[in-house]
Amino acid sequence: MTKTIARLEHVNITVSDPQRSADLMCSLFGWHIRWQGPSMMGGHTIHVGSDDHYLALYTNGDVQTANDGAGLTYQKGQPMNHVAMTVDDLDAVEAGVKEAGLVPFGHDNYDPGRRFYFFDWNGIEFEVVMYG
């Protein structure tokens with residue numbers, strides 16, 4: 001049997017405001033909106049990423065739309081721990097996180113790189129890593 005090597009194409013996450021989340025991802029990571037529109041099961045989705053991979057940012061009428069995520073019951077590790085991105089300029093991305101009013105934490109220098117984490121407005125944790 002021939003083995004196939006899989007590549008991660010996308011991750012679909014539920015957010016309170018897909019446009020706000022897409023704008024943040026475009027600003028921090030140089031991504032673009034690949035597609036947006038109605039979702040198969042109702043609601044609205046924005047695909048934001050590169051030509052090879054993306055995040056699907058989904059919402060529907062059942063998701064609270066509070067701008068600060070107040071009242072959302074998502075918790076780290078239930079079931080997802082975090083989404084990690086690699087970047088070429090960690091300091092620039094951290095400055096963008098702060099400009100968005102979000103708080104970087106968990107800074108660590110390790111072999112072979114450096115990293116920090118932040119929570120978005122929905123309580124989704126992102127790790128940002130720079131190797132080299």
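1. Arg114 is partly exposed, with a relative accessible area of 28%. In this predicted model, the side chain of Arg114 meets that of Asp91 in a salt bridge, with 2.8 Å from N to O. Asp91 is also partly exposed, at a relative accessible area of 47%. Since Asp91 belongs to helix α2 and Arg114 to strand β7, the pair ties together parts that are 23 residues apart in sequence.

2. The Asp91 to Arg114 pair belongs to a set: the structure holds four salt bridges. Another of them joins the side chains of Lys98 and Glu94, at 3.8 Å from N to O. Here both partners lie in helix α2, four residues apart, which is about one turn of the helix. Glu94 has a relative accessibility of 13% and counts as buried, because buried means under 20% relative accessible area.

3. A further salt bridge links Asp108 and Arg115, whose closest N and O atoms are 3.0 Å apart. Asp108 is partly exposed, with a relative accessible area of 29%. Arg115, at 21% relative accessibility, counts as partly exposed as well. Salt bridges that share partners bring Glu127 in with these two, so that Asp108, Arg115 and Glu127 form one network.

4. On the overall layout, the chain has two helices and eight strands. Read from the N terminus, the order of elements is β-α-β-β-β-β-α-β-β-β. The chain has 132 residues, of which buried residues make up 40%. As for contacts between residues at least 6 apart in sequence, 46% join residues at least 24 apart.

5. The largest nonpolar core contains 26 residues. Met25, Phe29, Leu55, Val93, Phe118, Phe126 and Val128 are the members with the most contacts inside this core. At least two residues each come from α1 (18-29), β3 (44-49), β4, β5, α2 (90-99), β7 (113-119) and β8 (125-131). Helix α1 gives the most, with five residues. As background, nonpolar side chains tend to be buried together in soluble globular proteins.

6. Which residues does Phe118 touch, leaving aside those up to four places away in sequence? The list is Leu24, Leu28, Val97, Leu102, Val103, Pro104, Phe105, Ile124, Glu125, Phe126 and Val128. Two of these partners, Phe126 and Val128, are named with Phe118 among the core residues with the most contacts inside the core.

7. The second largest pocket holds about 190 Å³ of space. It is lined by 13 residues, and those closest to its centre are Leu8, Val11, His53, Val83 and Ala84. By class, the lining has nine nonpolar, three polar and one charged residues.

8. Where does the lining of the second largest pocket come from? Strands β1 (10-14), β4 (54-59) and β5 (83-86) each supply at least two of its residues. The largest share, three residues, comes from β5. Strands β4 and β5 also each supply at least two residues of the largest nonpolar core.

How values were computed:
Residues are numbered from 1 along each chain as its sequence is written. This is a predicted model: local features need pLDDT of at least 70, side-chain atom pairs count only at pLDDT 80 or more; totals for chains, interfaces and linings use all residues. Side-chain values use heavy atoms; hydrogens and water are left out. On a 1 Å grid over the protein atoms alone, a cavity is a set of points where a 1.4 Å probe fits but cannot get out, and a pocket is an open set with protein on both sides within 12 Å along at least five of seven lines; lining residues have an atom within 4 Å of a point. Grid points are joined across faces, edges and corners, and a volume is the space filled by probe spheres set on the points. Ala, Val, Leu, Ile, Met, Phe, Trp, Tyr, Cys and Pro count as nonpolar, Asp, Glu, Lys and Arg as charged, and the others, Gly among them, as polar. A nonpolar core is a set of buried Ala, Val, Leu, Ile, Met, Phe, Trp, Tyr and Cys residues joined through side-chain atoms within 4.5 Å. Buried means under 20% relative accessible area, exposed over 50%, partly exposed in between (1.4 Å probe, protein chains only). Contact means heavy atoms within 4.5 Å.
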